[in-house]
Structures are given as C-alpha cells and as structure tokens.
Amino acid sequence: MPKAKSRVQVNNKRASFDYEFLETYQAGIVLVGTEIKSIRAGRASMSDAFCFFEGGQLYVRGINIALYTWGSWGQHAPLRDRKLLLQKRELRHLQQKVKEKGLTIVAVRLYIADNGYAKLQISLARGKKAYDKRQSIKEKDLRREMARGE
C-alpha cells in the first residue's frame, strides 16, 4: 500500500520578497530525535533562515523547530545549526558561487518527502534592491486584480 502524500510544508515567504532566486537545490537535513516529530506536526518556522559553509560542510541557521510537546526526554535545541546533505559537486559549486559578491544561499521550503525524510529546498540568491521590491509588489497587485476580474 503506498504512503499517503504528506501535506507538511513550511515556506519562507520573506525570502521571495527579499531575494531573486538563481538556482534551486533539494538538500537532506540532519535531524535528531524529536525534531522530525515536530516537523511532521507542522511546528517549524523559517522566516530568517540562511545557509553558510563551515569546514567544507553546508549548515542552515535560523530554522526554529519547536520543542516536541508529547515528550520531555531527549528534547532538542530549537534554534541549533543543522547540517545539510548535498552531493560533493553541488557543495563545491555553491561554495564557489557564494564567494562572488552579492550572492547568498537562503532556505526556501522545508517539507517531508514521499520517502518520509525531511528535505530543505535551498536557493542561490541575489538580494533585491528597493526598486526591485516595488516592482514585485506591483506585479503581485496586478495578478490579484486579474484574478478578481475573471
């Protein structure tokens, strides 16, 4: 019998407003005990999540995975840095790109994949200027008006 499709999905809405996405990757995330249970319960937020390199490994900072409410033993630290799992060539590519001025790696979406593992969608991004943000707001308003008109 196939597994039911997971509906757990945590989005970083602020990232699409502040950054222009250039490349997107799917990364595994190293979790401990109760973190996966909290994610499955939908108790995570990632409004200021970003990625950084340390010792050749990619880590994510700023994801808040709430404490698991049904247990008290073996709780995790909600704001700890978590290691991301990517292929070696992807890591090398991202590490070289981040050295360029103005590029960063932001976490876009946290979800449970079909195989039951937690995945993080990350993007290589360039920060938007103020006029780019105004243009994004205009486009969003225009799409909203078109949807109402139909």
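**Exercise 1.** In this predicted model, work out whether Asp141 is buried, partly exposed or exposed, then find its salt-bridge partner.

*Solution.* Start with the cut-offs: buried means under 20% relative accessible area, and exposed means over 50%. Asp141 comes out at 32%, so it counts as partly exposed. Next, look for the partner: Asp141 pairs with Arg144, and their closest N and O atoms are 3.1 Å apart. Arg144 is partly exposed too, at 38%. Finally, place the pair: both residues sit in helix 4 (residues 130–149), 3 residues apart, or about one turn of the helix.

**Exercise 2.** Which parts of the chain does the salt bridge between Arg80 and Glu35 tie together?

*Solution.* First check the contact: the closest N and O atoms of Arg80 and Glu35 are 3.0 Å apart. Now locate each end. Arg80 is in the loop between strand 6 (64–65) and strand 7 (82–85), while Glu35 belongs to helix 2 (residues 34–40), so the bridge links parts 45 residues apart in sequence. Then compare the surroundings: Glu35 is buried, at 0% relative accessibility, whereas Arg80 is partly exposed, at 26%.

**Exercise 3.** Which residues make up the aromatic cluster, and how are its rings arranged?

*Solution.* Take the pairs one by one; there are 2 aromatic pairs to find. Phe50 and Phe52 form a tilted pair, 6.3 Å centre to centre with 45 degrees between the planes. Phe52 also pairs with Tyr59, this time stacked, at 6.0 Å and 25 degrees. Put together, Phe50, Phe52 and Tyr59 form one cluster. As for accessibility, Phe52 is buried at 15%, while Phe50 is partly exposed at 34%, and Tyr59 is partly exposed at 21%.

Methods: Residues numbered from 1 in each chain as written. Predicted model: local features only at pLDDT ≥ 70, side-chain atom pairs only at ≥ 80, totals over all residues. Heavy atoms only, no water. Phe/Tyr/Trp six-rings, centres within 6.5 Å; stacked < 30°, edge-to-face > 60°. Buried < 20%, exposed > 50% of the residue type's maximum accessible area, 1.4 Å probe, protein only. Salt bridge = Lys/Arg side-chain N within 4 Å of Asp/Glu carboxyl O. Helix = DSSP H or I, 4+ residues; strand = E, 2+ residues; numbered from the N terminus.
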